[in-house]
Amino acid sequence: MKLRRGLALALCLALVLSAGVLHAAEPGRLFQTSTLQALMAGVYDGDLTFHALARHGDFGLGTFDALDGEMIALDGAFYQIKADGRVSPVAGTMKTPFAEVTFFKAGRTHMIEMPLTYQQLLDYFDKLLPSPNLPYAIRVEGLFTSVKTRSIPRQQKPYPPLAQAAAKQAVFELANVKGTIVAFRHPAYLAGVNMPGYHCHFITADRRAGGHLLDCRVEGATIAVAALPNFYLRLPDNQEFLKSDFTGDRRQELEKIER
């Protein structure tokens, strides 16, 4: 019993990948709860309230208890985009099994006036970032002539792996909308903890549509970038997480989900 309690205590402790003391409102710090590997394995029970999450950031993305839709946080407001397309404010008592947030403070801002496809936009990001070895938060505000997003419906227990859940995703297509991309870029060495490369969510300016970004074409935009040299990882303290097997290689599943 003592060993079990000791293991649970060890796993619920946060892993701090930074020097110094943790400050909840510190710019340049990325806060993440759970890991991508856990989410891909089907660890969908929310164990952190959005009231608690909001203490760590005003800009971010993630999901909800039972994988019930896509989450986007922008300017301190949290939104849920469900599989039926509805966008709703998030109550503080709701819970998340996976999310990442930061208090966004742009270090660099750039204007683009030429049309860019989604891949061209990601390539443009690559040119802006001073090093591939840090996490970054990226905010893009502009006019989008086309946008394709997705949201995954709420899952029932026993939870399927994420690849199976994503096979039933709802896809939304928008045209000629103003909106914002909330994005993070993670270094390759964080594979398993988060997705290497870019993870992007989108929401329209009127907050009526959005989701996980699959494709887009932007006509003109402002791009703001913030380096995140401090990384705080919180691990779940529940039996679902403690008893799951995270040893498999899920890279092919991840590629399938992103496509």
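Visitor: Which residues have the most contacts inside the largest nonpolar core?
Guide: In this predicted model, those are L121, F144, I181 and I223, and the core holds 26 residues.

Visitor: And what supplies it?
Guide: At least two residues each come from α4 (118-128), β12 (136-151), β13 (170-186), β14 (197-204) and β15 (210-227).

Visitor: Is there a second core, or what else is packed, say V43 and L74?
Guide: V43 and L74 belong to a second, separate core of 23 residues, which also includes A226 and L228.

Visitor: Back to F144. What does it touch, leaving out residues up to four places away?
Guide: F144 touches A175, N176, V177, G179 and I181, then F202, and also C216, R217 and V218.

Visitor: Now α4. Which residues are buried there?
Guide: Y118, L121, L122, Y124, F125 and L128 are buried in α4. Looking down the helix axis, they fall within an arc of 155 degrees, so they line one face of α4.

Visitor: What covers them?
Guide: The cover over the buried residues of α4 includes β10 (108-112) and β11 (116-117), along with β12, β13, β14 and β15.

Visitor: You mentioned C216. How many disulfides are there?
Guide: Zero disulfides in this structure. The closest cysteine sulfur to that of C200 is in C216, and at 8.0 Å it is too far for a bond.

Visitor: Are C200 and C216 buried or exposed?
Guide: C200 is buried, with a relative accessible area of 2%. C216 is buried too, at 4%.

Visitor: Let's switch to R108. Where is it?
Guide: R108 sits in strand β10. With 39% relative accessibility, R108 counts as partly exposed.

Visitor: What does R108 touch beyond four places in sequence?
Guide: R108 is in contact with L128, P130, I223, A224 and V225. A polar atom of the R108 side chain also lies 2.4 Å from the backbone oxygen of L128.

Visitor: And how far is R108 from L129?
Guide: The C-alpha atoms of R108 and L129 are 9.4 Å apart, while in sequence the two are 21 residues apart.

Visitor: What about S151, buried or exposed?
Guide: S151 is buried, with a relative accessible area of 0%. It is found in strand β12.

Visitor: So what is around S151?
Guide: Leaving aside neighbours within four places in sequence, S151 contacts G69, E70, I81, K82, A83, Q169, A170 and F172. With A83 there is a polar link: the backbone nitrogen of A83 lies 3.5 Å from a polar atom of the S151 side chain.

Visitor: Backbone oddities next. Which peptide bond is cis?
Guide: The one from K157 to P158, with omega near 0 degrees. P158 lies in the loop between β12 and α5 (162-166). Most peptide bonds are trans, and most residues other than glycine have a negative phi.

Visitor: Where is phi positive outside glycine, then?
Guide: S34 is one of those, with phi near 70 degrees, and it lies in the loop between β2 (29-33) and α2 (36-40). R207 has phi near 60 degrees, in the loop between β14 and β15. S34 is buried at 1% relative accessible area, whereas R207 is partly exposed at 22%.

Visitor: Last one: where does pLDDT stay under 50?
Guide: Over residues 1-22, for which the model has 23 contacts beyond four places in sequence. Where pLDDT is low, the predicted coordinates should not be read in detail. The chain averages a pLDDT of 90, and 87% of the residues score at least 70.

Methods
Residues numbered from 1 in each chain as written. Predicted model: local features only at pLDDT ≥ 70, side-chain atom pairs only at ≥ 80, totals over all residues. Heavy atoms only, no water. Core = buried A, V, L, I, M, F, W, Y, C linked by side-chain atoms within 4.5 Å. Buried < 20%, exposed > 50% of the residue type's maximum accessible area, 1.4 Å probe, protein only. Helix = DSSP H or I, 4+ residues; strand = E, 2+ residues; numbered from the N terminus. Contact = heavy atoms within 4.5 Å. Arc of directions from axis to C-beta. Disulfide = S-S within 2.5 Å. Polar contact = N/O pair within 3.5 Å; in protein donor to acceptor, adjacent residues only side chain to side chain. pLDDT = per-residue confidence, 0-100.
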